[in-house]
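This report is written for a reader who has the sequence and the model side by side. Please look at both before reading on, and return to them as each part is described.

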Amino acid sequence: MNDDIRKNMALFPIGIVMKLTDLTARQIRYYEQHELVMPARTGGNQRLYSFNDVSRLLEIKDLIEKGVNIAGIKQVLHTVSQDSDEATVITEQTENKRREMTDSQLHKMLKQQLINGKRPGQVSLIQGELSRFFH
DNA sequence: ATTCTAACA
DNA sequence: TGTTAGGA
């Protein structure tokens, strides 16, 4: 659906995104540094977010609240392609299914880490004490 | 009035 | 993450 071009159209500045997501500008920019979102820029170097960017940030916010760190969030959202034109629609539908799988896999990974404890060479996907309430 | 980058009593 | 300086 050509609806995706609208969802990917750069529309709002960071100020509006802050109200839409209840995230601070600091957090929004920080997530961008970690490539969790890459908004468009205006001629004046100002960020412009699309509907897709906003929903992405909402997903990120949700995971952060659940105690998942950047590394973990990347694994959950990495399969989601940044944009999608008509040629990418089919691919995206496939990836959406993969995303759902990844989501359930996340719980297994979290539980696995909580039970088996971190083993050498493996990066922790959880952070803080919230992880203790995750069983 | 808003947003941007860089940096930390 | 918060906050602030200094500039666009």
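## A partly exposed residue in helix α4

In this predicted model, D62 has a relative accessible area of 34%, and D62 is therefore classed as partly exposed, since that class covers values between the buried limit of 20% and the exposed limit of 50%. D62 is found in helix α4, which spans residues 51-65. If D62 is set beside K97, the two are 35 residues apart in sequence, and their C-alpha atoms are 19 Å apart in space.

## The chain as a whole

How many helices and strands are there in chain A? Chain A has 6 helices and 2 strands, and when these are read along the sequence they follow the pattern α-α-α-β-β-α-α-α. Chain A has 135 residues, and buried residues make up 33% of them.

The surface that chain A exposes amounts to about 8,900 Å², of which carbon and sulfur atoms supply 54%. Turning to contacts inside chain A, and taking those between residues at least 6 apart in sequence, 58% join residues that are at least 24 apart.

## The nonpolar core

The largest nonpolar core contains 23 residues, and within this core L57 and I60 are the residues with the most contacts. Several elements give two or more residues to this core, namely α2, α3, α4, α5 (70-77) and α6 (89-116).

I60 can be followed further: when its neighbours within four places in sequence are left aside, I60 is in contact with Y31, L36, V37, I73 and L77. One of these residues, Y31, appears again below, among the residues that surround DNA strand C.

## E32, a buried residue in helix α3

E32 lies in helix α3, and E32 counts as buried because its relative accessibility is 17%, while the limit for a buried residue is under 20%. Leaving aside the neighbours of E32 within four places in sequence, the residues in contact with E32 are V37, P39, R41, R47 and Y49. With one of them, R47, there is also a polar contact of 2.7 Å between the two side chains.

## The surface near DNA strand B

Which residues surround DNA strand B? They are P13, I14, G15, R26, R29, R41, N45, Q46 and R47, and of the atoms of DNA strand B that come within 4 Å of the protein, sugar and phosphate account for 88%. By class, this surface has 2 nonpolar, 3 polar and 4 charged residues, and both α2 (14-21) and α3 supply at least two residues of it.

Some of these residues can be placed against particular atoms of the strand. An N or O atom in the side chain of R29 is 2.6 Å from a phosphate oxygen of DNA strand B, and a polar side-chain atom of R41 lies 3.1 Å from a phosphate oxygen of that strand. For N45, the partner is instead a sugar or linking oxygen of DNA strand B, which lies 3.3 Å from a polar side-chain atom of N45.

## The surface near DNA strand C

DNA strand C is surrounded by T24, R26, Q27, Y31 and I64, and sugar and phosphate account for 38% of the atoms of DNA strand C that come within 4 Å of the protein. The residues of this surface divide into 2 nonpolar, 2 polar and 1 charged. Helix α3 (residues 25-33) gives the most to the surface, with 3 residues.

Phosphate oxygens of DNA strand C can be paired with N or O atoms in three side chains of this group. The distance is 2.9 Å for T24, 2.7 Å for Q27 and 3.1 Å for Y31.

## Two loop residues with positive phi

D22 lies in the loop between α2 and α3, and although D22 is not a glycine, it has a positive phi of about 60°. Is D22 buried or exposed? D22 has a relative accessible area of 61%, so D22 is exposed, the limit for that class being over 50%.

E35 is placed in the loop between α3 and β1 (40-41), and E35, which is likewise a residue other than glycine, has a positive phi near 55°. The relative accessibility of E35 is 66%, and E35 therefore counts as exposed.

Notes
Residues numbered from 1 in each chain as written. Chains lettered and ligands numbered in written order. Predicted model: local features only at pLDDT ≥ 70, side-chain atom pairs only at ≥ 80, totals over all residues. Heavy atoms only, no water. Near = heavy atom within 4 Å. Polar contact = N/O pair within 3.5 Å; in protein donor to acceptor, adjacent residues only side chain to side chain. Helix = DSSP H or I, 4+ residues; strand = E, 2+ residues; numbered from the N terminus. Nonpolar A, V, L, I, M, F, W, Y, C, P; charged D, E, K, R; others polar. Buried < 20%, exposed > 50% of the residue type's maximum accessible area, 1.4 Å probe, protein only. Contact = heavy atoms within 4.5 Å. Areas by Shrake-Rupley, 256 points an atom, 1.4 Å probe, with all protein chains shown as cover. Core = buried A, V, L, I, M, F, W, Y, C linked by side-chain atoms within 4.5 Å.
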